[in-house]
Amino acid sequence: MPSNVTAKIKSALKRRETVIMLLAAVVFAIAVFGFQAWATRDRTLVVGGHAYALETAISRDEQDRGLSGRKSLDKDKGMLFVLRTNDKHCFWMKDMQFPLDIIWLDETGKVVHIEHEVSPDTYPEAICPSQNAQYVIELNAGQAAEAGILEGRVVTF
């Protein structure tokens, strides 16, 4: 094969490889930034005729702080923890001043575990789910039962 044909083929392959790499980088960036945009938005949980405005906790600092140090939480509010891994994430009531319902959900939004009316007095005990979870929602104590949130139910937020 003549050398000019070989050079043209090599050049075309190099351009193709560059285009594929650029497209892969763009797709990756869209996926990462798209998730961050989705995750950082506050959410609304609507279940059983109740609507709860959920503040999101994404960063490690936000998740460590959670609802700690607050005197109360409005009845129609809560916190959504967007966890990095699907695992048995444990929670505690450090610096909490009011009881909570803690609801663990898998990646599909199915409730996999609920701890009702967890008292601040449980600290330093860690409260752990029975199954892996990707999300956790904290609501005022009694709200899970009032809204009819049960294990096995799929919720959206």
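**Nonpolar cores, a disulfide and the surroundings of Ser119**

The largest nonpolar core holds 19 residues, and Leu45, Ile103, Ile137 and Ile149 are the members that touch the most others in it. Two or more residues come from each of the strands β1 (43–47), β2 (50–57), β3 (77–87), β4 (100–105), β5 (111–118) and β6 (133–140), and likewise from the helix α3 (143–147). Among these elements, β6 gives the most, with three residues. Apart from this core lies another, made up of 18 residues that include Leu67, Met96, Ile127 and Val136. It helps to recall here that nonpolar side chains tend to be buried together in soluble globular proteins. As a reminder for the reader, the model described is a predicted one.

Leu45 gives a handy view of the surroundings of one core member. With neighbours within four places in sequence left aside, Leu45 is in contact with His50, Ala51, Tyr52 and Leu54. Further along the chain, the contacts of Leu45 include Ile137, Leu139 and Ile149, together with Val155, Thr156 and Phe157.

Turning to the cysteines, a search of the whole structure finds one disulfide. Cys90 and Cys128 are the partners, with an S to S distance of 2.0 Å. The torsion about their S-S bond is about 110°, so the disulfide is right-handed. Cys90 sits in the loop between β3 and β4, whereas Cys128 sits in the loop between β5 and β6; the pair therefore ties together parts that are 38 residues apart in sequence. Are these cysteines buried or exposed? Cys90 has a relative accessible area of 40% and is therefore partly exposed. For Cys128 the relative accessible area is 35%, so this residue is partly exposed as well.

The loop between β5 and β6 is also the place of Ser119. Its relative accessible area is 23%, and because buried means under 20%, Ser119 counts as partly exposed. Which residues does Ser119 contact, leaving aside its neighbours within four places in sequence? They are Met93 and Pro99. Ser119 and Phe98 are 21 residues apart in sequence, yet in space they are 6.9 Å apart from C-alpha to C-alpha. Within its own stretch of chain, Ser119 has a polar contact: its side chain reaches the backbone nitrogen of Asp121 at 3.0 Å.

Key: Residues are numbered from 1 along each chain as its sequence is written. This is a predicted model: local features need pLDDT of at least 70, side-chain atom pairs count only at pLDDT 80 or more; totals for chains, interfaces and linings use all residues. Side-chain values use heavy atoms; hydrogens and water are left out. A nonpolar core is a set of buried Ala, Val, Leu, Ile, Met, Phe, Trp, Tyr and Cys residues joined through side-chain atoms within 4.5 Å. Buried means under 20% relative accessible area, exposed over 50%, partly exposed in between (1.4 Å probe, protein chains only). Helices (H or I, at least four residues) and strands (E, at least two) are DSSP runs, numbered from the N terminus. Contact means heavy atoms within 4.5 Å. A disulfide is a pair of cysteine sulfur atoms within 2.5 Å. A polar contact is a pair of N or O atoms within 3.5 Å; within protein, one must be able to donate a hydrogen and the other to accept it, and residues adjacent in sequence count only if both atoms are side-chain atoms.
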